[in-house]
Amino acid sequence: MKEKSVERAIFDAYSHSMSRIREQSTQNLFEKNFITKEQFEQIKEYRSLNIFSLHAELKMLLYLSILAFTSGIGILIYENIDTIGHIAILSLLLIVIVVCFYFCFKNSKGFQKTEAVFENPVLDYLVLTANILTCIFIGYLQFQYELFGKHYGLATLIPTIVSFFCAYYFDNKGVLSIAITGLGAYIGFSVTPQDLLNNDFYSNQSLSYSAIILGVLLAVWTIYSDRINLKTHFKLVYLTFALHIISIAVLSNMTNEYYGFWLIFSALLAGSSYYFYRISYRVKAISLYVFTIVYAYIGISIFLFRIFENVDFSDLWQLFILLLPLYFIGSIVLFIKLIKNFNKEIAL
């Protein structure tokens, strides 16, 4: 009983402390005119209700359940391929896909150019499940029966087209990410977070050019979508992929051994960093801003290294050792200052 009372006291003290911090933060926002008096009163009234939201936790559990379900199907296929049979597995997959899409289309509001949300958020995850299973189904058909013959690219392109259709029809950002990943795979490289750095851009120059072109096209598409007001809330997804694809492909080419070749890509990185720096303020995306700064910093470091790689530091090595820590410390200080300025400016 004593242990429980101590734990309860600690919890109450922690809750009281967090409540005071939140109240003080809100008061500071009001005093600095970041929020109006009406908004200040609404925030105080809402917090007085002591409501705890489980929305984010439930969404995470739903997402994990989908991953577990689709992974379980993959394991089931792998371990029982000889006993169940290909036709039975494909039939089961097709039935599940049809059922998922049936409920999705039944409850969908249809295609809309602006943001459209299901009344029940579970249906968003049903769309994601149906899309992942469709990719598995088409890939299975190609692997086992060579449905598209030797045209292996079609086995990637068709699920990509299906994913883009589902993303725009059902307004699903998760499916859109799958579609962009499939588009990258069709071109010849991987754009998943785990594999993006493993693409062999250095030895395969055409692959790096394709990556840069794809990134530019994704960025251009966001501009066009803004003009026609088509799913403008997808902008951050496109820009995030574009930033990573372009930056990594360009940085890999900045280490190219061809004389003067790296200067062209240094200019490309400068232009890319400037564009994403400006657009991150426009869309108020801290993630886009941070990665833009990180890639620009890496690019500047590579640029300086290439400039001084032919300089003889034998007589200046002491000065070099002295300046190197200052360079890194100054970079950290500047990075923190930039982030603070960004948060301050987008709050206005």
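This note goes through a predicted model of one chain, point by point.

1. Overall make-up. The model is a predicted one, and its secondary structure amounts to 13 helices and 0 strands. Read from the N terminus, the order of elements is therefore α-α-α-α-α-α-α-α-α-α-α-α-α, each helix and strand being a DSSP run. The chain has 348 residues, of which 32% are buried. Of the contacts between residues at least 6 apart in sequence, 69% join residues at least 24 apart. The chain exposes about 22300 Å², and 67% of that area is supplied by carbon and sulfur atoms.

2. Helix 9. This helix covers residues 205–228. With 24 residues at 1.5 Å a residue, helix 9 should span 34 Å, and the distance of 35 Å between its end C-alpha atoms agrees with that. The buried residues of helix 9 include Gln 205, Leu 207, Ser 208, Ala 211 and Ile 212. Further along the helix, Leu 214, Gly 215, Leu 218, Ala 219, Thr 222 and Ser 225 are buried as well. What do the buried residues of helix 9 pack against? Their partners are helix 8 (173–187), helix 10 (235–254) and helix 11 (261–283). Just after helix 9 comes Asn 229, which takes a positive phi of about 55 degrees.

3. Salt bridges. The count of salt bridges comes to 2. In general, side chains of opposite charge can pair when their charged atoms come close. One of the pairs is Asp 171 with Lys 231, where the closest N and O atoms are 3.1 Å apart. This pair links distant parts of the chain, with the two positions 60 residues apart in the numbering. Asp 171 lies in the loop between helix 7 (152–170) and helix 8, while Lys 231 lies in the loop between helix 9 and helix 10. Both ends count as buried: Asp 171 has 9% relative accessibility, and Lys 231 has 2%.

4. The pair Asp 226 and Lys 235. These residues also form a salt bridge, with the closest N and O atoms 2.7 Å apart. Is each end buried or partly exposed? Asp 226 counts as partly exposed because its relative accessibility is 34%, whereas Lys 235, at 15%, counts as buried.

5. Cysteines. A disulfide is a covalent bond between the sulfur atoms of two cysteines. The count of disulfides in this model is 0. Why is Cys 100 not bonded to Cys 104? The sulfur of Cys 104 is the closest cysteine sulfur to that of Cys 100, but it is 6.5 Å away, which is too far for a bond. Cys 100 counts as buried, at 8% relative accessibility. Cys 135 is in no disulfide either, and its nearest cysteine sulfur, in Cys 166, is 8.8 Å away. Cys 135 is partly exposed, with a relative accessible area of 24%.

6. Thr 134. This residue sits in helix 6 (residues 122–145). Thr 134 is buried, because its relative accessible area is 10%. Which residues does Thr 134 contact, leaving aside its neighbours within four places in sequence? They are Ile 97, Phe 101 and Val 162.

7. Arg 306. The place of this residue is in helix 12. Its relative accessibility is 10%, so Arg 306 counts as buried. With neighbours within four places in sequence set aside, Arg 306 is in contact with Met 254, Thr 255, Asn 256 and Trp 262. Of these, Trp 262 is 44 residues away from Arg 306 along the chain, yet the C-alpha atoms of the two are separated by 8.7 Å.

8. A nonpolar surface patch. A patch of about 500 Å² is made by Leu 263, Ile 300, Phe 303, Leu 304, Ile 307 and Phe 308. Which helix gives the largest share of the patch? Helix 12 (residues 286–308) does, with 5 residues. Ile 300 is in helix 12 and is partly exposed, with a relative accessible area of 47%. Patch residues need over 30% relative accessible area, so Ile 300 meets that requirement. Helix 12 thus holds both the partly exposed Ile 300 and the buried Arg 306.

Methods: Residues numbered from 1 in each chain as written. Predicted model: local features only at pLDDT ≥ 70, side-chain atom pairs only at ≥ 80, totals over all residues. Heavy atoms only, no water. Patch = residues over 30% accessible without salt bridge, like charges linked within 9 Å, V, L, I, M, F, W, Y side chains within 5 Å. Areas by Shrake-Rupley, 256 points an atom, 1.4 Å probe, with all protein chains shown as cover. Salt bridge = Lys/Arg side-chain N within 4 Å of Asp/Glu carboxyl O. Helix = DSSP H or I, 4+ residues; strand = E, 2+ residues; numbered from the N terminus. Buried < 20%, exposed > 50% of the residue type's maximum accessible area, 1.4 Å probe, protein only. Contact = heavy atoms within 4.5 Å. Disulfide = S-S within 2.5 Å. Expected span 1.5 Å × (residues − 1).
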